[in-house]
Amino acid sequence: MSSVVDILLWGVLPYVVLLVVIGGTIWRYKYDQFGWTTRSSQLYESRLLRIASPLFHFGILAVLVGHIVGLVIPKSWTDAVGVTEHMYHMLALTIGIFAGVGTFVGMALLIYRRRKTGPVFMATTANDKLMYILLVVTLTAGLATTILSLWDTSETSYRDTVSPWFRSIWILQPDVAAMSEAGLSFKVHVLFAFVLFMAWPFTRLVHAFTAPLHYLFRPYIVYRSRDRVTRSGSVPTRRGWDPVGTQDRHNSGYRRSGSGSTRREKTGSGRR
Ligand code: HEM
């Protein structure tokens with residue numbers, strides 16, 4: 001029998017979190033589009049950032065993929081294709097610890113850099129500090145669940161408790177009883193994640209929703225090209241790069257001018 005606290009935490013709270021995340025994101029988009037940015041500090045310091053940022057971001061992507069596999073794919077499916085509980089656990093442990101520790105080290109370096117680089121520290125707001133605290137506690141609690149499972153083998157697998165509960169939320173029939181059976185470390189981790197999710201739309205973490213993936217595939221931008229009009233002498237000008245139609249160019253209003261150069265005709269969203 002689930003208690004009132006269980007019902008509130010695992011039956012009601014998930015929907016409050018969803019409402020705050022969706023409502024908060026719409027609100028932020030409507031009222032603070034100019035603040036929708038990573039507020040990059042790369043200009044102040046780039047040596048440490050070059051290592052810390054990819055470590056954190058690739059790590060968190062791996063953690064995300066691990067969560068999708070662990071929470072979304074039912075145990076019966078992996079059983080059906082012959083993956084035993086032991087095999088699954090070993091795989092989740094190895095990849096999970098690798099990804100989790102990578103993310104953690106990346107985050108520790110980001111925080112160290114933020115504290116030790118004067119201009120970066122000056123640009124750090126109270127909002128950023130709260131965001132880092134929430135990230136640290138959620139990540140630490142997540143890693144703790146995985147590391148604790150190395151010792152406590154008696155505990156029911158989270159794939160019989162947390163995962164069915166997680167899936168039940170999306171069909172609007174929260175399986176409160178399943179989540180009530182989960183170990184304390186999982187409950188603490190999920191509650192920290194809830195707070196992090198609710199803060200998400202109001203922090204710089206919103207940049208995750210608009211990651212500029214097309215940057216990976218676009219051609220180089222031409223900043224300056226040869227101008228036939230101002231060049232003197234008899235040497236013919238060589239053809240420069242011709243701009244090609246990319247999403248960036250269309251968005252930011254680049255057009256080809258008569259002199260064969262590329263110039264910016266109206267401002268676009270150049271924010272990072
Ligand atoms: C409702 C949301 C979430 C649920 C239900 C959840 C659930 C879980 C579960 C069941 C595990 C244990 C996995 C295992 O031992 O194989 C875990 C581990 C972990 N979680 Fe979460 N989690 C959530 C959100 C988050 C968030 C937002 C973060 C990061 C900010 C995070 C970071 C981690 C980390 C680092 C681990 C250690 C294993 C790994 O690296 O994947 N979790 N989580």
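Which helices each supply at least two residues of the shell around the ligand? They are α2 (49–72), α4 (85–116), α6 (126–151), α7 (162–170) and α9 (184–199). Helices here are DSSP runs (H or I, at least four residues), and strands are runs of E of at least two, numbered from the N terminus.

This is a predicted model: local features need pLDDT of at least 70, side-chain atom pairs count only at pLDDT 80 or more, and totals for chains, interfaces and linings use all residues. Residues are numbered from 1 along each chain as its sequence is written.

**View 1. The shell around the ligand.** The ligand has 26 residues around it. A residue counts as near if its C-beta atom, placed from the backbone, lies within 6 Å of the molecule. Ala 92, Gly 96, Gly 100, Gly 142 and Ala 193 come nearest. Helix α6 gives the largest share of the shell, eight residues. By type, the shell holds 14 nonpolar residues, 12 polar and no charged. Nonpolar means Ala, Val, Leu, Ile, Met, Phe, Trp, Tyr, Cys and Pro; charged means Asp, Glu, Lys and Arg; the others, Gly among them, are polar.

**View 2. Helix α4 and its packing.** The 32 residues of α4 should span 46 Å at 1.5 Å a residue, and the end C-alpha atoms, 45 Å apart, agree with that. The expected span is 1.5 Å times one less than the number of residues. Buried residues of α4 include Gly 96, Gly 100, Phe 104, Met 107, Arg 113 and Arg 114. Buried means 20 or more other C-beta atoms within 10 Å of a residue's own, exposed means 12 or fewer, and partly exposed is in between, with C-beta atoms placed from the backbone. The buried residues of α4 pack against α2, α5 (118–122) and α6. Contact means C-beta atoms, placed from the backbone, within 7 Å.

**View 3. Histidines listed by UniProt.** The unreviewed UniProt entry lists His 57, His 67, His 189 and His 207 under "binding site". UniProt positions follow the numbering used here, feature names are shortened, and annotations may be inferred rather than shown by experiment. His 67 lies in helix α2. His 67 is partly exposed because 16 other C-beta atoms lie within 10 Å. His 207 sits in the loop between α9 and α10 (247–252). His 207 touches Thr 37 and Thr 38, leaving out residues up to four places away in sequence.

**View 4. Two annotated spans.** Among the residues that the unreviewed UniProt entry marks "transmembrane region" are 48–70 and 90–112. Residues 48–70 are 96% helix and 0% strand, with end C-alpha atoms 33 Å apart. Residues 90–112 are 100% helix and 0% strand, with end C-alpha atoms 32 Å apart.

Key: Two residues are in contact if their C-beta atoms, placed from the backbone, lie within 7 Å.
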